[in-house]
Amino acid sequence: MTAALKRLSGMLDGERGHIVRIGRTGPRGIRQRLLDMGITRGAEVLVVRRAPMGDPIEVVVKNYHLALREQEAALIEVEPVVP
């Protein structure tokens, strides 16, 4: 079963999904930086937790823990995994 696409920044702690798209807007070079960190189409991502003020967001991608700024996470579209 598939769910509607969400922005990674809008996912809740503990949610999983598959990366569908990385936006092309945002600061220069951010898309390439995300790709270099392993955030690629089809990769599974797990939202672990957020900092107390909501930024950054800790995620796991390809068994690596990453901290993403909310601005960066907003560029990533994810198809949530429905349990």
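**Salt bridges in a predicted model**

Tutor: In this predicted model, the side chains of Glu44 and Arg16 form a salt bridge, with 2.7 Å from N to O. Glu44 belongs to strand 3 (residues 44-50) and Arg16 to strand 2 (residues 16-22), so the pair links distant parts of the chain, 28 residues apart.

Student: Why is the contact of Glu44 and Arg16 called a salt bridge?

Tutor: The rule asks for a side-chain nitrogen of Lys or Arg within 4 Å of a carboxyl oxygen of Asp or Glu. The N to O value for Arg16 and Glu44 is 2.7 Å, so the pair meets the rule.

Student: What makes Glu44 and Arg16 buried, partly exposed or exposed?

Tutor: Buried means under 20% and exposed means over 50%. Glu44 has 34%, so Glu44 is partly exposed; Arg16, at 38%, is partly exposed too.

Student: What does the salt bridge of Arg33 and Glu72 tie together?

Tutor: The two side chains meet at 2.4 Å, N to O. Arg33 lies in helix 1 (residues 30-36) and Glu72 in helix 2 (residues 70-73), so the bridge ties together parts 39 residues apart in sequence.

Student: How do you know whether Glu72 is buried or exposed?

Tutor: Its relative accessibility is 10%, which is under 20%, so Glu72 counts as buried. Arg33, at 39%, is partly exposed.

Student: How many salt bridges does the rule give?

Tutor: The count comes to six. Among them is the pair of Glu15 and Lys6, at 3.3 Å, N to O.

Technical notes
Residues are numbered from 1 along each chain as its sequence is written. This is a predicted model: local features need pLDDT of at least 70, side-chain atom pairs count only at pLDDT 80 or more; totals for chains, interfaces and linings use all residues. Side-chain values use heavy atoms; hydrogens and water are left out. Helices (H or I, at least four residues) and strands (E, at least two) are DSSP runs, numbered from the N terminus. Buried means under 20% relative accessible area, exposed over 50%, partly exposed in between (1.4 Å probe, protein chains only).
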